[in-house]
Amino acid sequence: MDYTREELLEAKRQIGSTLRKLREVIKTFETKEDPGRYKSQLTLARRRVAAFTLVGELVERELKQMEN
């Protein structure tokens with residue numbers, strides 16, 4: 001499927017926003033009194049950060065290919 005430059009830029013913006021929020025969630029859970037209690041939530045958030053980072057890089061790659 002082909003995406004427009006505008007769609008990719010919006011996706012990049014949304015990915016960045018989601019990553020910032022997820023990183024804040026991780027910080028919050030890590031600073032809780034008993035962070036071990038939130039192990040599954042931390043694991044999920046870290047996996048989401050990894051996935052969104054990967055997707056962000058793919059969007060960036062697609063945008064660069066459009067420029068060429």
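These numbered notes describe a predicted model of one protein chain.

1. Overall make-up. The protein chain holds two helices and zero strands. With a radius of gyration of 15 Å, well over the 11 Å that the globule rule gives for 68 residues, the chain is more spread out than a compact globule. The C-alpha trace spans about 50 × 15 × 15 Å along its principal axes.

2. Helix H1. This helix covers residues 5–30. Its 26 residues should span 38 Å at 1.5 Å a residue, and the end C-alpha atoms are 37 Å apart, which agrees. The buried residues of H1 are Leu 8, Ile 15, Gly 16, Ser 17, Leu 19, Leu 22, Ile 26 and Phe 29. H2 is included in what covers them.

3. Helix H2. The second helix takes in residues 39–67. At 1.5 Å a residue, its 29 residues should span 42 Å; the distance between its end C-alpha atoms is 42 Å, which agrees. Its buried residues are Leu 42, Ala 45, Val 49, Gly 56, Val 59 and Leu 63, and they pack against helix H1. An α-helix has 3.6 residues a turn, so residues three or four places apart point the same way.

4. A closer look at Ile 15. This residue is found in helix H1. Its relative accessibility is 9%, and buried means under 20%, so Ile 15 counts as buried. Which residues does Ile 15 contact, leaving aside its neighbours within four places in sequence? They are Phe 52, Val 55, Gly 56 and Val 59. Two of these names, Gly 56 and Val 59, also appear among the buried residues of H2. Gln 65 is 50 residues from Ile 15 along the chain, and the C-alpha atoms of the two are separated by 19 Å.

5. Contacts along the sequence. Of the contacts between residues at least 6 apart in sequence, 65% join residues at least 24 apart. The contacts of Ile 15 with Phe 52 and Val 55 are examples of contacts outside its neighbours within four places.

6. Burial and surface. Buried residues make up 22% of the 68 residues in the chain. The accessible surface comes to about 5600 Å², and carbon and sulfur atoms account for 52% of that surface.

7. Charges. The protein chain has 15 positive and 12 negative charges. How far apart are the mean positions of these positive and negative charges? They are 7 Å apart.

Conventions. Residues numbered from 1 in each chain as written. Predicted model: local features only at pLDDT ≥ 70, side-chain atom pairs only at ≥ 80, totals over all residues. Heavy atoms only, no water. Helix = DSSP H or I, 4+ residues; strand = E, 2+ residues; numbered from the N terminus. Rg over C-alpha atoms; globule rule 2.2 N^0.38 Å. Buried < 20%, exposed > 50% of the residue type's maximum accessible area, 1.4 Å probe, protein only. Contact = heavy atoms within 4.5 Å. Areas by Shrake-Rupley, 256 points an atom, 1.4 Å probe, with all protein chains shown as cover. Lys, Arg positive; Asp, Glu negative; His and termini not counted. Charge placed at Lys NZ, Arg CZ, Asp CG, Glu CD. Expected span 1.5 Å × (residues − 1).
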